[in-house]
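Student: I've got a model open on my screen and I'd like to learn how to read it. Can you walk me through it?

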Amino acid sequence: GARRVVASEHPGYPCRISLLDAEIGEELLLLTYAHHRVASPYQASGPIYVRKGAKQRAVHGRLLKGFF
């Protein structure tokens, strides 16, 4: 399930969607995200925060050039 939380410090509540830290007083959802859903011993999940009204942040290819 999910739980509503309010950010009490900044930084400290990183949004998985917008890739930004929530501001103090901002409402978020705390939920479990299965980030490696496979039928093996390596499957994994963990907690993530999602800011209310979050918009997906774009990552431009030129920012990653030479990174990988």
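Tutor: Let's go through confidence, the fold, the core and a few single residues in turn. Keep in mind that this is a predicted model.

Student: Then confidence comes up right away. Where in the protein is confidence lowest, and where is it highest?

Tutor: The general idea is to look at the average and then at the elements. Here the mean pLDDT is 87, and 85% of the residues reach 70 or more. Confidence is highest in S1, at 97, and lowest in helix H1 (residues 61–64), with a mean of 60.

Student: Okay, now the fold. What pattern does the protein follow along the sequence?

Tutor: You read the elements off in order, and here that gives β-β-β-α. The protein has 1 helix and 3 strands.

Student: In what order do the strands sit in the sheet?

Tutor: For a sheet, ask about order, direction and edges. This one is an open sheet with the order S1-S2-S3 and antiparallel pairing. Strand S1 (3–6) and strand S3 (44–51) are the edge strands, each pairing on one side only. From one strand to the next, the twist averages 40°.

Student: How many bridges join each pair of strands?

Tutor: S1 and S2 are joined by 4 bridges, while 7 bridges join strand S2 (residues 27–36) to S3. To follow the pairing on screen, find residues that stand opposite each other. Arg3 is opposite Leu30 in S2. On the other side, Leu28 stands opposite Arg51 in S3, and His36 stands opposite Ala44 in S3.

Student: Next, the inside. Which residues form the largest nonpolar core?

Tutor: In soluble globular proteins, nonpolar side chains tend to be buried together. In this model the largest nonpolar core has 6 residues: Val5, Ala7, Tyr13, Ala22, Leu28 and Leu30. Ala7 is a good place to zoom in: beyond residues up to four places away in sequence, Ala7 touches Tyr13, Ala22, Glu23, Ile24, Gly25, Glu26 and Leu28.

Student: And for the protein as a whole, what share of the residues is buried?

Tutor: Buried residues make up 19% of the 68 residues. The accessible surface comes to about 5700 Å², and 55% of that belongs to carbon and sulfur atoms. You can also ask how far apart in sequence the touching residues are. Among contacts with a separation of 6 or more, 40% are between residues 24 or more positions apart.

Student: Let me try a single residue. Is Glu27 buried, partly exposed or exposed?

Tutor: Compare its relative accessibility with the cut-offs: under 20% is buried and over 50% is exposed. Glu27 counts as partly exposed because its relative accessibility is 27%.

Student: What does Glu27 contact, leaving aside its neighbours within four places in sequence?

Tutor: Glu27 is found in strand S2, and its contacts are Arg4, Val5, Arg51 and Lys52. Also check distance in space against distance in sequence: Glu27 and Val6 are 21 residues apart in sequence, yet their C-alpha atoms are 4.6 Å apart.

Student: Last one: the backbone. Which residues does a cis peptide bond join?

Tutor: Omega is the angle to check. Between His10 and Pro11 the peptide bond is cis, with omega at about 0°. Pro11 is in the loop between S1 and S2. Then scan phi: Leu19, which also lies in the loop between S1 and S2, has a positive phi of about 60° although it is not a glycine.

Technical notes. Residues numbered from 1 in each chain as written. Predicted model: local features only at pLDDT ≥ 70, side-chain atom pairs only at ≥ 80, totals over all residues. Heavy atoms only, no water. Pairing = 2+ DSSP bridges. Helix = DSSP H or I, 4+ residues; strand = E, 2+ residues; numbered from the N terminus. Axes fitted to C-alpha atoms, helices over the stretch in contact; angles between N-to-C directions. Buried < 20%, exposed > 50% of the residue type's maximum accessible area, 1.4 Å probe, protein only. Contact = heavy atoms within 4.5 Å. Areas by Shrake-Rupley, 256 points an atom, 1.4 Å probe, with all protein chains shown as cover. pLDDT = per-residue confidence, 0-100. Core = buried A, V, L, I, M, F, W, Y, C linked by side-chain atoms within 4.5 Å.
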